[in-house]
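Please open the structure in your viewer and keep the selection panel at hand. The tour goes from one selection to the next and says what is found at each stop.

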Amino acid sequence: MKIDVLTLFPEMFSPLKESIIGKAIEKKIINLELVNMRDFSKDKHKKVDDTPYGGGAGMVIRPDVVYDAYNSLKIKENSKLIYLSPQGKTLTQEKVISLSKEEHLILLCGHYEGIDQRVIDVLNPEEISIGDYVLTGGELPAMVLIDSVARYIKGVLSEESINEESFSNKLLEYPQYTRPEIFLNKKVPEVLISGHHENIKKWRQEQAIEITNKKRPDLLKK
Ligand SMILES: C[S@@+](CC[C@H](N)C(=O)[O-])C[C@H]1O[C@@H](n2cnc3c(N)ncnc32)[C@H](O)[C@@H]1O
């Protein structure tokens, strides 16, 4: 999958170089391009924002800078533009899975007070929020989206680990245990060391329902 990120702060994306996503980028399963929108400023001081018309706090990113940065990309018929915005629909696992099937994502990150509405109207992106709170910029939300979507791209994780994860069957995942077998006098549940696969499967299913009921009963109601 190709992912272009339009941002004023490309340096903020260094966490994606680490761990599983870092490997997926290295192996070119994900082709991540960070586009610095500041490069598209026509101002001699590379200014990209200005004060809001009508007054008020903060600065607004200029529409021409965003428009030119967007048009510098190789846009195809199936390219999908997403504006990370607190006003968008909240990202869910279902949405993550559907985005993982896209060929080309373009992620637009706002900052300061946001982006001039006219360029949003012209480019008509899908707006996605990562929750009902306001962050200083779209960079962290873009990284959340990339990380969650990347996990569903073939070759990034094993299929087993994706299918058994929380939310995959509208349930939270069963509890996990590893060595040592006894920790602070607490033993790993007997069934898990029994080697009886059917019983393990049944126990995990029961645990998943119990945990979901306890922690997120709203998921069971759905
Ligand atoms: C400070 S916010 C602007 C908030 C805007 N003035 C409002 O009240 O709706 C700056 C940028 O951060 C990003 N952002 C902030 N909170 C977000 C969230 N919950 N989900 C996705 N993006 C968010 C957006 O890209 C936004 O343009």
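The stops below begin with the whole chain and end with a few single residues. Please keep in mind throughout that this is a predicted model.

**The two domains**

Begin by colouring residues 2-158 and 164-221 separately, since the domain assignment of the chain gives these ranges as domain 1 and domain 2. The C-alpha centres of domain 1 and domain 2 lie 36 Å apart.

**Strand β6 and its partners**

Next select residues 104-109, which form strand β6, a mostly covered strand with five of its six residues buried. Add strand β1, residues 2-7, and you will see that β1 and β6 pair in the parallel sense over five bridges, with L6 standing opposite L108 of β6. Then add β5, which also runs parallel to β6, through six bridges; here L84 has C109 in β6 as its bridge partner. If you now include helix α3, residues 93-99, you have a right-handed β-α-β unit made of β5, α3 and β6.

**The nonpolar core**

Which residues have the most contacts inside the largest nonpolar core? Select L6, V66, L107, L108 and I146, which hold that place in a core of 40 residues. Among the elements that each supply at least two residues of this core are β1, α2 (63-71), β5, β6 and α5 (139-150), and α5 gives the most, with six residues. As a general point, nonpolar side chains in soluble globular proteins tend to be buried together.

**Around the ligand**

Now centre the view on the ligand, which is surrounded by 20 residues, the closest being L84, P86, G110, G138 and P141. The largest share of this shell, four residues, comes from strand β5, residues 79-90. By type, the shell divides into nine nonpolar residues, ten polar and one charged.

**Unusual backbone angles**

Most residues other than glycine have a negative phi, and most peptide bonds are trans. With that in mind, go to K46, which has a positive phi of about 60° although it is not a glycine, and which is found in the loop between β2 (31-36) and β3 (49-50). K46 is exposed, because 12 other C-beta atoms lie within 10 Å.

Move on to the loop between α6 and β8, where F167 has its place; the phi of F167 is near 80°, again a positive value in a residue other than glycine. F167 is partly exposed, with 16 other C-beta atoms within 10 Å. P180 is found in the loop between α6 (159-163) and β8 (182-183), and the peptide bond from R179 to P180 is cis, with omega near 5°.

Technical notes: Residues are numbered from 1 along each chain as its sequence is written. This is a predicted model: local features need pLDDT of at least 70, side-chain atom pairs count only at pLDDT 80 or more; totals for chains, interfaces and linings use all residues. A residue is near a molecule or strand if its C-beta atom, placed from the backbone, lies within 6 Å of it. Ala, Val, Leu, Ile, Met, Phe, Trp, Tyr, Cys and Pro count as nonpolar, Asp, Glu, Lys and Arg as charged, and the others, Gly among them, as polar. A residue is buried if 20 or more other C-beta atoms lie within 10 Å of its own, exposed if 12 or fewer, and partly exposed in between; C-beta atoms are placed from the backbone. Two strands pair if DSSP finds at least two bridges between them. A crossover is right-handed if, with the strands pointing away from the viewer, the path from the first strand over the helix to the second runs clockwise. Domain bounds come from an automatic or database domain assignment. A nonpolar core is a set of buried Ala, Val, Leu, Ile, Met, Phe, Trp, Tyr and Cys residues joined through C-beta atoms within 7 Å.
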